[in-house]
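Q: Could you pick out a single part here and take me through it closely, then show how the rest is arranged around that part?

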Amino acid sequence: MVFEHYTDRGIDIVKLPSRIMMSNAVETRDLLSQIIRGGSGRIVIDCSLIIFTDSTGSALIVSALQKARQRGGDVYLVGLSDQILELLELMRLHTGFRLFEDVASAVTAYTPDEGTPSTPT
């Protein structure tokens, strides 16, 4: 499974793969935990590629939110499909996250006074 991870103005951006479910839960959880521990705790999770997730995927995102907040950070979600947004709403999880259309908007919300974004590496 391939994850894309880069930083922009001190914010960790993670693009999740197309499927988040029980079969890849450990790898996904470990990756998010490592990024949160090693960074600022401020993370943007790009969900634009996700075409399928089960309740395990929702639990992973909630776990990342809890870990980030323990470090004084937060998790912003971007690129949610209507299906994923409906799942979060059904589970009443949508109110715990700030939701954005794209990564640039989420990064700007974290760093509104910090000029132009850097390019991914």
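A: D30 sits in helix α1 (helices are DSSP runs of H or I with at least four residues, strands are runs of E with at least two, and both are numbered from the N terminus). A quick note first: this is a predicted model, where local features need pLDDT of at least 70 and side-chain atom pairs count only at pLDDT 80 or more, while totals for chains, interfaces and linings use all residues. Residues are numbered from 1 along each chain as its sequence is written, and side-chain values use heavy atoms, with hydrogens and water left out.

Back to D30: its relative accessibility is 38%, so it counts as partly exposed (buried is under 20% relative accessible area, exposed is over 50%, partly exposed is in between, with a 1.4 Å probe and protein chains only). D30 and A64 are 34 residues apart in sequence, yet 9.9 Å apart in space, C-alpha to C-alpha.

Now α1 as a whole, residues 25-38. Its 14 residues should span 20 Å at 1.5 Å a residue, and the end C-alpha atoms are indeed 20 Å apart (the expected span is 1.5 Å times one less than the number of residues). The buried residues of α1 are A25, T28, L31, L32, S33, I35 and I36. They pack against β1, β2 (11-15), β3 (19-20), β4 and α2, with contact meaning heavy atoms within 4.5 Å.

So what do those strands build? β1, β2, β4, β6 and β7, in that order, make an open sheet with mixed pairing (two strands pair if DSSP finds at least two bridges between them). β1 (4-8) and β7 (98-100) are the edge strands, each pairing on one side only. From one strand to the next, the twist averages 25 degrees.

β2 is mostly covered, with four of its five residues buried. β2 pairs with β1 over five bridges in the antiparallel sense, and E4 has K15 as its bridge partner. The two strands form a hairpin with two residues between them, and R9 in that turn has a positive phi of about 55 degrees. β2 also pairs with β4, this time parallel, over four bridges, with K15 partnered by D46.

β4 (42-46) then runs parallel to β6 (74-78), joined by five bridges, and D46 stands opposite V78. Helix α2 (55-70) packs on the sheet, touching β4 and β6, and its direction makes about 140 degrees with that of β6 (axes are lines fitted to C-alpha atoms, for helices over the stretch in contact, and angles run from 0 to 180 degrees between N-to-C directions).
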